[in-house]
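Me: I'm new to this one, so please pick a single part and walk me through it slowly. Start with one residue and work outward from there.

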Amino acid sequence: MSKEKERRKFGDRFDGKLIKKIDPMHVICPILYPNRCDNEAYIAERIDMAPIRAYLEKLNKEEKDFPYTTFHIIVTAILKTLTLRPKLNRFVANKLMYQRNKTVASFVVKKLFSDEGEEALALVEAKPEDTMQTIHQKLFQQISVSRSDVVDKSSESMDIVSKMPRRLTRAFCEFICFLDRIGKCPKGFIETDPYYTSCVLSNLGSLHLHSGYHHLTNWGTCSLFCIVGEIKKTSYVKEDGTVGVKETVDLGLTVDERLADGYYCAKSIRLLEKLLANPELLELPMGEEIEY
């Protein structure tokens, strides 16, 4: 018997541990509101680009092969926030609350920027010992594979199912949705599925689009979605009352409000803001606490 199976207790899933000691509200809410899409809380954040620009300039003096980008900084900051604020790395499935076993961010990679360009899925797992530099290396590996001819397992599975007769496809998908609800989905279908990760990120800035709201899904277990908008000039009022202009990037965060109360979420957002205002903190291990 594997160590993973030995550690799994009654009620646990392959991707999460059942949370048994939980307050009454978080026991009842998933029963009254079982659908993830009915429990969305949307938060819009505007981030000053000046600290990120300065940090990128420092990092890219030595990195020429795969330069650091704003998106890399945001991905790392999200992963560190999820590591230090574990309630945001929970999910509700079959009306029960689980703590996710891993901290994983996912995003779509466009192989070619054209109408016909194919898309691939990329997943980056953060370990407690990871830092900005090791996450950057993982991003390089994932993006390189995604832009190659290699097809991820989830896309390969969808391709096979989509070629079946429509009635069979519908019946098969309904059966898979049942397995998804009870945590018994075949790993071949969900191993690289972004909706089975801690957070899905979408870099709309690379397409010159603004940030905005994006829904969660009832499929899978992902409880957090982050939209990254285009970097733009924004006017603001200085302390002396005059108007200035600075570069900013907007983030649109959609979270399952059943995971934690408003205070916990607000404090988590403050942590994310501090990390992006002081990106050098991302050089600390993911699991190392910081003051905020």
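## A close look, starting at one loop

Reply: Let's begin with K95, which counts as partly exposed at 42% relative accessibility. (Buried means under 20% relative accessible area, exposed means over 50%, and partly exposed is in between, with a 1.4 Å probe and protein chains only.) Before going on, keep in mind that this is a predicted model: local features need pLDDT of at least 70, side-chain atom pairs count only at pLDDT 80 or more, and totals for chains, interfaces and linings use all residues. Residues are numbered from 1 along each chain as its sequence is written, and side-chain values use heavy atoms, with hydrogens and water left out.

So where does K95 sit? K95 lies in the loop between β3 and β4. (Helices, H or I with at least four residues, and strands, E with at least two, are DSSP runs numbered from the N terminus.) The backbone of K95 has a phi near 70°, a positive value in a residue other than glycine.

Its neighbour in the sequence tells a similar story. N94 also has a positive phi, of about 55°, although it is not a glycine. N94 belongs to the loop between β3 (90-93) and β4 (96-100), and its relative accessible area of 40% makes N94 partly exposed.

Step out of the loop and you reach L96, which is in strand β4. L96 has a relative accessible area of 37%, so it is partly exposed. Leaving aside neighbours within four places in sequence, L96 is in contact with L18 and F91. (Contact here means heavy atoms within 4.5 Å.) Another partner to look for is P34: L96 and P34 are 62 residues apart in sequence, yet their C-alpha atoms are 8.9 Å apart in space.

Further along the strand is Q99, also found in β4. At 22% relative accessibility, Q99 counts as partly exposed. Q99 touches D15, G16, K17, I19, P86, N89 and R90, again not counting residues up to four places away in sequence. For a contrast, try K138: it is 39 residues from Q99 in sequence, and the two C-alpha atoms are 24 Å apart in space.

Now let's widen the view to the helices. Two packed helices are described by the angle between their axes and the distance between the axes. Here the axes of α4 (residues 70-84) and α9 (residues 262-277) come within 9 Å and cross at roughly 140°. (Axes are lines fitted to C-alpha atoms, for helices over the stretch in contact, and angles run from 0 to 180 degrees between N-to-C directions.) That makes α4 and α9 oblique to each other; angles under 35 degrees count as roughly parallel, over 145 as roughly antiparallel, 65 to 115 as roughly perpendicular, and the rest as oblique. The crossing of α4 and α9 is right-handed, meaning that the near helix is turned clockwise from the far one by less than a right angle, while anticlockwise would be left-handed.

Which residues make that contact? On α4 they are I73, I74, A77, I78, K80, T81 and L84, and on α9 they are S268, L271, L272, L275 and L276. These divide into nine nonpolar, two polar and one charged. (Ala, Val, Leu, Ile, Met, Phe, Trp, Tyr, Cys and Pro count as nonpolar, Asp, Glu, Lys and Arg as charged, and the others, Gly among them, as polar.)

Some of these names come back in the largest nonpolar core: of its 53 residues, I73, I78, L201 and L276 touch the most other members. α4 gives the most to this core, with nine residues. (A nonpolar core is a set of buried Ala, Val, Leu, Ile, Met, Phe, Trp, Tyr and Cys residues joined through side-chain atoms within 4.5 Å.) I73 is worth clicking on: beyond four places in sequence, I73 is in contact with I52, Y55, L56, L59, M132, L276, P279 and L282.

T70 lies in α4 too, and with a relative accessible area of 10%, T70 is buried. T70 touches M49, I52, L56 and I231, setting aside residues up to four places away in sequence.

One last stop is F172, in helix α7. F172 is partly exposed, with a relative accessible area of 25%, and its contacts beyond four places in sequence are V161, M164 and F189.
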